[in-house]
Amino acid sequence: MKTVDLTIGNVQRVILALALPLVGSSLFQFTYSLVDMFWVGALGSDAVASIGAASFYIMLGQAIQSLIVVGAGIKVSQAVGRRDLNSVQRHVRASRRLNLTLGLSYASLLIMFGHTFIGFLNMGAPAVEQLAYEYLFVSAPMLIFSFFNLLFARLFSAYGNTTTAMRINATGVILNMILSPIFIYPFQLGVIGAALATLVANVMMFGLFWHRARTLFNWDEVVQPTRADYKEIIRLGFPMATQRILFTVISIFLARMIGSYGTEAIAAQRIGLQIESIAYMMIGGLNGAMASYTGQNLGARKVDRVHEGYRVTIRLGMVYTGFIMLLFLIVPDLLIGLFVDDVRTIEIGASYLRIIGISLVFSSIEMIGNGYFSGLGLPKIPATISIIFTVARIPLAFVLEPYLGIDAIWWSIAISSITKGLVSALFVRLTKKEVISLAKAV
């Protein structure tokens, strides 16, 4: 399977060649999410709200798993840049074992305590809470396979090979799109049918990833990881995992506040998040590209190329998110109305898109900065920035709520995102000289 050298060639072309397959994977997932939202939306706002509630805990699991994904991605990309295949093999094996342990543990936790987790959101609608738990119960085993799919996609990216992951993700998404309406309507399984379709698709994707990974990572060669390898993966992944876990926990607390405004508010945010992912499919692709590109070039000690890659990627991100911002400001009602016909839900969702849209350019700066610092092996910097300003969302929302109502929650998210983007850009400047010493130490 093809390995791509990211340390040579035109920087913008290399970044785009690496990012576009990642964007393609996100586009396929986005397309599925839109289609699935159409099918689930036809069941009513309660169905959308139940999936929205369960999704917070699915995202929490993925945030916890970034402990492994981020650390393994950093170590493998830098080892590829150094041409140290022994180190690659050790860290791949270590990350697989850590991943399995974490996946089984988290799935068990969701099954045993799912009712308590859903109840914490304070939706005040027992029927919706029961639907949310059933969706979460089916999604728990799905996460075990999803964890491996996310890990393999990141490891492939560390090799500069994002096309294979895109093709596998596309296959899974297409299968999900076919199965979801069948399970929801002809089989009359409702939201559980949507969860089952996602489970089947992830199992199939796992089989494809596993088959291709054996070719790329040469698993027939017996190379055993050391205790230091496990510690290094966890050490490097811990700051970003802490950031993402805290981000999700804060989102859960904000969801509790949103729930006090009714299931329409939860449904509105769920739909808004799906539409917002139009922006994040590109930003996420640039984030992943930046991490792998920076890691390989740092390993090859090409410092000027590292800096140029950051500048190019920031320009690409700002142009794209600027366009999406205009879209959210001009036609938010139309976008929300594509998925639901409830007037209250459309009103809340449109306000969400207008306010969040203002912060999208700054979110792109923050996420690209995350990829840059991860590639350098400095994940503590973006993690600290994110932790400080994400925590600030809760007190900010409480302060603004008496004046703005539910819009206070949207503004707390937007203001913190703008601040994180500005501070991230500042730290890139402050640490520019430090990259030279990092390259010598790798």
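# Notebook: cavities, a pocket and selected residues

**Entry 1, the second largest cavity.** I began with the second largest cavity, and I noted that about 30 Å³ of space lies in it. The model I am reading is a predicted one, so I write every value down as computed from that model. When I searched the whole structure for cavities of 30 Å³ or more, I found two. I then looked up which residues line the second largest cavity, and the list reads Arg154, Met240, Arg244, Asn287, Ala291, Asn370, Gly371 and Ser374. Sorted by class, this lining has two nonpolar, four polar and two charged residues. Which helices each supply at least two residues of this lining? I found that they are α7, which covers 227–259, α8, which covers 263–299, and α12, which covers 360–376. Of the elements that contribute, α12 gives the most to the lining of this cavity, with three residues.

**Entry 2, the largest pocket.** Next I turned to the largest pocket, for which I recorded a volume of about 310 Å³. Its lining, as I copied it out, consists of His307, Tyr310, Arg311, Ile314, Met318, Ile365, Tyr372, Ala425, Val428, Arg429 and Lys432. I sorted these residues by class as well, and the lining of the largest pocket came out as seven nonpolar, one polar and three charged. At least two lining residues come from each of α9 (303–330), α12 and α15 (407–430). Which helix gives the most to the lining of the largest pocket? That helix is α9, with five residues. I also noted that α12 appears in both of my entries so far, since α12 supplies at least two residues to the lining of the second largest cavity and at least two to the lining of the largest pocket.

**Entry 3, the chain as a whole.** I stepped back to look at the chain, and I counted 16 helices and zero strands in it. Along its principal axes, the C-alpha trace spans about 60 × 45 × 35 Å. I wanted to know how the radius of gyration of the chain stands beside the value for a compact globule. With 442 residues, such a globule would have a radius of gyration near 22 Å, and because the chain has 21 Å, the two agree. Of the 442 residues, 58% count as buried. I also looked at contacts between residues at least 6 apart in sequence, and 86% of these join residues at least 24 apart. The chain exposes about 17500 Å², and carbon and sulfur atoms supply 67% of that area.

**Entry 4, Thr294.** I picked Thr294, which lies in helix α8. Is Thr294 buried or exposed? Its relative accessibility is 0%, and therefore Thr294 counts as buried. Leaving out residues up to four places away in sequence, I found that Thr294 touches Val306, Tyr372, Gly375 and Leu376. One of these, Tyr372, I had already met in the lining of the largest pocket.

**Entry 5, Asp333.** My next residue was Asp333, in helix α10, which runs over residues 332–337. With a relative accessibility of 37%, Asp333 counts as partly exposed, because partly exposed runs between the 20% and 50% cut-offs. Apart from residues up to four places away in sequence, Asp333 touches Ile346, Ala350 and Arg354. I also looked up the distance between the C-alpha atoms of Asp333 and Val343, which are 10 residues apart along the chain, and it is 9.9 Å.

**Entry 6, Gly44.** I found Gly44 in the loop between α1 (11–41) and α2 (45–82). Gly44 has a relative accessible area of 23%, so it is partly exposed. How many residues apart along the chain are Gly44 and Val340? They are 296 residues apart, and yet their C-alpha atoms are separated by 7.8 Å.

**Entry 7, two positive phi values.** Last, I checked backbone angles, keeping in mind that most residues other than glycine have a negative phi. Arg83 has a phi near 65°, which is positive, and Arg83 sits in the loop between α2 and α3 (85–120). Its relative accessible area is 52%, so Arg83 is exposed. Gln188 also has a positive phi, near 55°, and I located Gln188 in the loop between α5 (163–184) and α6 (190–217). Gln188 is exposed too, because its relative accessible area is 69%.

Key. Residues numbered from 1 in each chain as written. Predicted model: local features only at pLDDT ≥ 70, side-chain atom pairs only at ≥ 80, totals over all residues. Heavy atoms only, no water. 1 Å grid on protein atoms, 1.4 Å probe; cavity = no way out; pocket = protein on both sides within 12 Å on 5 of 7 lines; lining within 4 Å. Points joined across faces, edges and corners; volume = space filled by probe spheres on them. Nonpolar A, V, L, I, M, F, W, Y, C, P; charged D, E, K, R; others polar. Rg over C-alpha atoms; globule rule 2.2 N^0.38 Å. Buried < 20%, exposed > 50% of the residue type's maximum accessible area, 1.4 Å probe, protein only. Contact = heavy atoms within 4.5 Å. Areas by Shrake-Rupley, 256 points an atom, 1.4 Å probe, with all protein chains shown as cover.
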